[in-house]
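Good morning, colleagues. Please take a moment with the sequence and the model before I begin.

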Amino acid sequence: MADDMAIDIPHIWLYLAELVTPMLKEGGISMRELIQEFSKPLLPVGRAGVLLAEILHLLCKQMSHKKVGALWRETGLSWKDYLPEGEDVHTFLTEQKLDFTESDCSSSSEALSEKELSAEELNKQLEKLIVEDKANDEQIFDWVEANLDESQMSSPTFLRALMTAVCKAAIIADSSSFRVDTAVIKQRVPILLKYLDSDTEKELQALYALQASIVKLDQPPNLLRMFFDCLYDEEVISEDAFYKWESSKDPAEQNGKGVALKSVTAFFTWLREAEEESEDN
């Protein structure tokens with residue numbers, strides 16, 4: 001039956017994993033419990049391991065390999081119990097690129113995180129990853145996890161460096177004009193959401209970084225507005241954070257603030273009108 005479905009629907013295991021993974025992400029069920037339940041009907045036909053591989057790879061798109069590997073090891077489950085009899089575990093893990101589930105690299109990453117990166121180093125490294133190398137989300141999660149500890153991941157220095165790199169990657173310069181490649185912002189939404197964590201203060205730091213990036217380019221017309229529209233539409237920055245930025249009198253953030261505010265007057269007018277309409281309804 002499972003083999004017939006795999007023939008009829010080539011990506012059946014990926015589709016099943018996409019249905020299952022949100023349960024883990026939202027914390028509705030433990031990984032051990034979920035794996036045991038979903039694997040039961042697949043064990044007799046030797047397909048449990050394939051489904052598990054898809055689930056773990058999907059999780060890696062939302063967190064680092066190190067984190068996913070730790071979650072797997074915490075279950076206390078063994079790969080050999082989910083593979084067909086006689087199949088070599090090491091070969092399966094290598095072919096499926098799941099070696100990270102067996103090895104714990106926390107000791108090396110802890111050693112790395114003891115040395116706190118400066119703002120300049122963070123900017124340089126993140127710019128290389130995001131702008132030059134165009135690294136995917138998994139690679140960025142892995143780099144952050146390997147080089148920063150929890151407190152550093154929440155620091156204004158890191159959040160600003162991250163936002164600066166994403167903005168730089170999204171800016172397209174056409175002769176004398178600038179515009180935003182919204183596809184780049186949309187591609188980086190999972191990273192921004194993960195580290196901004198729906199926290200107004202963190203989002204405010206991201207807006208300060210965006211402001212500084214625009215000022216550095218001599219405030220091209222409409223560029224800040226384009227970023228604001230996209231960040232709002234993608235729900236990366238909340239209304240509260242936008243209003244906090246608008247009213248902020250922080251002396252350290254006043255460079256270019258007046259011109260920046262004028263350039264997004266229409267955005268805030270629209271935001272308030274939309275808010276009033278929703279209240280009326």
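**Helix H9 and its surroundings**

Helix H9, which spans residues 137-147, is mostly covered, since eight of its 11 residues are buried. This is a predicted model, and my remarks should be heard with that in mind. The buried residues of H9 are Asp137, Glu138, Ile140, Phe141, Trp143, Val144, Glu145 and Asn147. At the start of this helix, a side-chain oxygen of asparagine 136 comes to within 3.1 Å of the backbone nitrogen of glutamate 138.

Let me now place H9 in the chain as a whole. The chain has 281 residues, of which 41% count as buried. Its secondary structure consists of 18 helices and two strands. Among contacts with a separation of 6 or more, 71% are accounted for by residues 24 or more positions apart. The accessible surface of the chain comes to about 15300 Å², and 51% of that surface belongs to carbon and sulfur atoms.

I return to the start of H9, by way of arginine 188. Where is arginine 188 found? Arginine 188 is in the loop between helix H12, residues 182-187, and helix H13, residues 189-196. Is arginine 188 buried or exposed? Its relative accessibility is 2%, and it therefore counts as buried, the cut-off being under 20%. The side chain of arginine 188 is joined to that of aspartate 137 by a polar contact of 3.3 Å. Aspartate 137 is itself one of the buried residues of H9. Leaving aside residues up to four places away in sequence, arginine 188 touches Ile130, Lys134, Ala135, Asn136, Asp137, Ile140 and Val166.

One of those partners, lysine 134, deserves a remark of its own. Lysine 134 lies in the loop between H8 and H9. Although lysine 134 is not a glycine, it has a positive phi of about 50 degrees. At 62% relative accessibility, lysine 134 counts as exposed. Glutamine 219 likewise has a positive phi of about 50 degrees without being a glycine. Glutamine 219 lies in the loop between helix H14, residues 200-216, and helix H15, residues 223-233. Glutamine 219, however, has a relative accessibility of 18% and counts as buried.

**Helix H8 and helix H11**

I turn next to glutamate 127, which is found in helix H8, residues 119-132. Glutamate 127 is partly exposed, with a relative accessible area of 24%. Why does that value place it there? Partly exposed residues fall between 20% and 50%, so 24% belongs in that class.

What does the side chain of glutamate 127 make with the side chain of lysine 168? The two side chains make a polar contact of 2.8 Å. Not counting residues up to four places away in sequence, glutamate 127 touches Glu132, Ala165 and Lys168. Glutamate 127 and leucine 162 are 35 residues apart in sequence, while their C-alpha atoms are 8.0 Å apart in space.

Alanine 165, one of the partners just named, has its place in helix H11, residues 156-170. With a relative accessibility of 3%, alanine 165 counts as buried. Beyond four places in sequence, alanine 165 touches Leu126, Glu127, Ile130 and Val131. A general point about helices is useful here. An α-helix has 3.6 residues a turn, so residues three or four places apart point the same way. Alanine 165 and isoleucine 130 are 35 residues apart in sequence and 6.3 Å apart from C-alpha to C-alpha.

Lysine 128 also lies in helix H8. At 39% relative accessibility, lysine 128 counts as partly exposed. Lysine 128 touches Asp133 and Lys134, with residues up to four places away in sequence not counted. From C-alpha to C-alpha, lysine 128 and alanine 165 are 8.5 Å apart, at a sequence separation of 37 residues.

**Helix H3 and helix H5**

My last topic is a pair of helices elsewhere in the sequence. The axes of helix H3, residues 31-39, and helix H5, residues 65-75, come within 8 Å and cross at roughly 75 degrees. H3 and H5 are therefore roughly perpendicular to each other. Which residues meet where H3 and H5 come into contact? Met31, Arg32 and Ile35 in H3 meet Leu71, Trp72 and Thr75 in H5. The residues of this contact divide into four nonpolar, one polar and one charged.

Key. Residues numbered from 1 in each chain as written. Predicted model: local features only at pLDDT ≥ 70, side-chain atom pairs only at ≥ 80, totals over all residues. Heavy atoms only, no water. Helix = DSSP H or I, 4+ residues; strand = E, 2+ residues; numbered from the N terminus. Buried < 20%, exposed > 50% of the residue type's maximum accessible area, 1.4 Å probe, protein only. Contact = heavy atoms within 4.5 Å. Polar contact = N/O pair within 3.5 Å; in protein donor to acceptor, adjacent residues only side chain to side chain. Axes fitted to C-alpha atoms, helices over the stretch in contact; angles between N-to-C directions. Parallel < 35°, antiparallel > 145°, perpendicular 65-115°, else oblique. Nonpolar A, V, L, I, M, F, W, Y, C, P; charged D, E, K, R; others polar. Areas by Shrake-Rupley, 256 points an atom, 1.4 Å probe, with all protein chains shown as cover.
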